[in-house]
Amino acid sequence: MENSVPDFVLFLGRFHPLVVHLPIGFLLFAFLLEVFSRVKKNPVLTAGIPLALLLGGISALVACILGYMLSLSGDYDENALDAHFWFGVATTALAFLAWLIRIEKIKLSNYKKIQPNIAALTLLVIVISVTGHYGGNLTHGSDYLVKYAPFNTNKKIELAAVTKVEDAEVYGHLVAPILENKCISCHNDSKKKGGLSMVDSLSMHSGGKNGAILVPGNADASELVKRVLLDPHNEDFMPPEGKTPLTEEEIAIVTYWINSSNAGFKTKVANVKTPDNITAIASTMLGFNAATNNTEALPTVGKVSSELISSIEKEGFKIRELVFESNLFEVVLAPNTVVAGQENELKEKLEKLLPIKENIIWLSLENNQVTDESVKIISKITNIQKLKLSGNPISDNAITHLLELKNMTSVNLFGTKITSKSLEIFSKMKNLKFAYVWQTSIEQKDLEKYDAAEIPKIVIGL
């Protein structure tokens with residue numbers, strides 16, 4: 001349906017989640033004023049109630065209109081959508097009714113025993129709550145509110161605890177948590193973006209509007225993997241902007257599931273061929289000690305002062321501690337913080353990272369005019385395990401500098417100027433497992449010159 005609806009209508013409709021909180025705030029505020037004015041016996045508190053009700057009614061009307069526009073995308077369950085919509089209309093009507101009662105345009109002097117003002121507001125709060133419940137169902141699934149309630153008899157079946165990776169179910173223990181965190185909020189039975197639900201095996205094999213998302217045994221042909229490997233700026237990239245993308249490890253697990261277990265939903269790790277790097281990732285996900293002959297233990301580093309962190313963040317970096325009290329950080333410079341002509345400014349910013357160089361294990365500098373000279377500075381941050389340099393004007397010379405990063409396990413270089421010459425350099429990086437090089441001059445025929453054991457997994461795109 002989305003294609004038959006004008007883009008401008010859908011554009012306006014997407015403001016519904018933003019606007020919908022206004023009537024909730026206004027109308028609850030009116031209710032609280034009414035309650036406190038009675039408890040405190042202070043009629044002055046009632047002065048703001050008419051305005052709060054009027055603003056609540058107007059904003060509720062706007063929210064209904066925008067919600068209707070959003071519903072035209074056709075991505076929602078009809079029954080849940082109808083319930084949410086009509087309760088929203090009822091909320092709007094009650095808000096205006098309560099306002100008219102409060103300003104005495106509707107006089108209910110004959111019904112003083114039921115106290116019309118507080119009765120209308122109480123009913124309004126109940127209807128708002130029901131409307132919000134159905135709205136939450138649309139966004140997060142029908143069991144979102146009561147999923148963890150003690151009285152819920154339809155609790156999710158818990159998987160049996162495992163003590164070693166081999167006993168884990170590939171889908172249940174490893175893939176399902178990834179989909180739950182990154183995909184289910186938009187692809188459930190109530191909210192089917194693209195006509196796709198991912199709540200169970202039947203739904204996933206059914207696919208969506210664009211067809212199947214799984215090709216058992218072939219991750220490269222599976223839409224589920226294709227979408228997460230697209231350029232993040234591509235409109236088909238998943239998850240969409242504003243959602244947290246899958247990490248390289250998560251993509252590796254999904255790829256392993258499709259290829260090794262043929263996208264089976266009951267297959268155990270012990271029953272399929274499992275590469276060492278997947279075993280290490282799975283061990284970490286399951287909370288086991290992931291240190292193996294092919295996996296470096298996390299470094300032990302000193303504490304960083306809050307003042308130093310603040311000074312670096314003032315340069316535009318976002319810093320996140322990856323493991324509680326580990327002092328190991330992910331550092332991100334938002335794309336396009338540095339634009340063409342400001343390459344020297346970038347070098348100055350990178351120099352500011354050197355005082356915490358031992359603490360940085362993930363670094364993202366996508367689309368920030370990183371040059372070969374800048375990579376010389378990056379090569380001093382020797383504990384880096386994951387490095388994202390996509391969309392930058394770097395060449396094979398920069399890859400030579402990256403040889404200094406002995407702990408690096410993945411590097412994202414899509415959209416850069418590197419060539420097949422970098423493949424030989426990758427082969428010298430003993431811990432490198434993944435190199436993402438789509439939208440570069442590297443082609444499949446270049447990989448055929450190398451034995452698979454000589455170079456890391458090279459991802460060249462779709």
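**Aromatic pairs, cores and strand pairing**

In this predicted model, Phe11 counts as partly exposed, at 46% relative accessibility. Phe15 is also partly exposed, with a relative accessibility of 35%. Both values fall between the 20% and 50% limits that separate buried from exposed residues. The aromatic pairs come to 10 in total. Phe11 and Phe15 form one of them: the ring centres are 5.3 Å apart and the planes stand at 85 degrees, so the pair is edge-to-face. An angle over 60 degrees is what places a pair in that class. Another aromatic pair joins Tyr68 and Phe85. The geometry here is tilted, with 6.3 Å from centre to centre and 50 degrees between the planes. This pair links distant parts of the chain. Tyr68 belongs to helix α4 (residues 49-71), Phe85 to helix α5 (residues 78-102), and 17 residues separate the two. Tyr68 is partly exposed, at 47% relative accessibility. Phe85 is partly exposed as well, at 28%. Elsewhere, Phe414, Phe434, Tyr436 and Trp438 make up one aromatic cluster. A charged side chain also meets a ring: Lys386 sits over the face of Trp362, 3.3 Å from the ring centre.

The protein chain as a whole contains 17 helices and 7 strands. It has 462 residues, of which 44% count as buried. Among contacts with a separation of 6 or more, 62% join residues 24 or more positions apart.

Helix α5 also holds Ala95. At 0% relative accessibility, Ala95 is buried. Its C-alpha lies 6.6 Å from that of Gly56, although the two residues are 39 apart in sequence. Beyond its neighbours within four places, Ala95 is in contact with Leu27, Leu53, Gly56, Gly57 and Leu124. Leu45 presents another local setting. It is located in the loop between α3 (21-39) and α4. Leu45 is partly exposed, at 30% relative accessibility. Leu45 and Glu34 are 11 residues apart in sequence, with 7.5 Å between their C-alpha atoms. With neighbours within four places left aside, the contacts of Leu45 are Leu33, Phe36 and Ser37.

Nonpolar side chains tend to be buried together in soluble globular proteins. The largest nonpolar core in the model has 45 residues. Those with the most contacts inside it are Leu363, Ile378, Leu387, Leu402 and Phe426. Helices and strands both contribute two or more residues to this core: α12 (306-313), α13 (343-351), α14 (372-378), α15 (396-401) and α16 (421-426), along with β1 (317-321), β2 (329-333) and β3 (360-364). Outside its neighbours within four places, Phe426 is in contact with Ile399, Val411, Leu413, Ile418, Leu432, Ala435, Val437, Pro456 and Ile458. Another core, of 42 residues, lies apart from this one. Its members include Ala219, Ile253, Ala263 and Val459.

The strands of the largest core are also paired. β1 and β2 run antiparallel, with 5 bridges between them. Glu321 has Phe329 of β2 as its bridge partner. β2 and β3 are parallel and are joined by 4 bridges. Here Val331 stands opposite Leu363 of β3. Leu363 is one of the residues with the most contacts inside the largest core. β2 is mostly covered: of its 5 residues, 4 are buried.

A polar residue, Ser261, is placed in the loop between α10 (248-260) and α11 (276-285). Ser261 is buried, since its relative accessible area of 7% is under the 20% limit. A polar atom of its side chain lies 2.6 Å from the backbone oxygen of Trp257. When neighbours within four places are excluded, Ser261 is in contact with Val170, Tyr256, Thr267 and Val272.

Key: Residues are numbered from 1 along each chain as its sequence is written. This is a predicted model: local features need pLDDT of at least 70, side-chain atom pairs count only at pLDDT 80 or more; totals for chains, interfaces and linings use all residues. Side-chain values use heavy atoms; hydrogens and water are left out. Buried means under 20% relative accessible area, exposed over 50%, partly exposed in between (1.4 Å probe, protein chains only). A polar contact is a pair of N or O atoms within 3.5 Å; within protein, one must be able to donate a hydrogen and the other to accept it, and residues adjacent in sequence count only if both atoms are side-chain atoms. Contact means heavy atoms within 4.5 Å. A nonpolar core is a set of buried Ala, Val, Leu, Ile, Met, Phe, Trp, Tyr and Cys residues joined through side-chain atoms within 4.5 Å. Rings of Phe, Tyr and Trp (its six-membered ring) pair if their centres lie within 6.5 Å; planes under 30 degrees apart count as stacked, over 60 as edge-to-face and the rest as tilted. A charge sits over a ring if NZ of Lys or CZ of Arg is within 6 Å of the ring centre and within 35 degrees of the ring normal. Two strands pair if DSSP finds at least two bridges between them.
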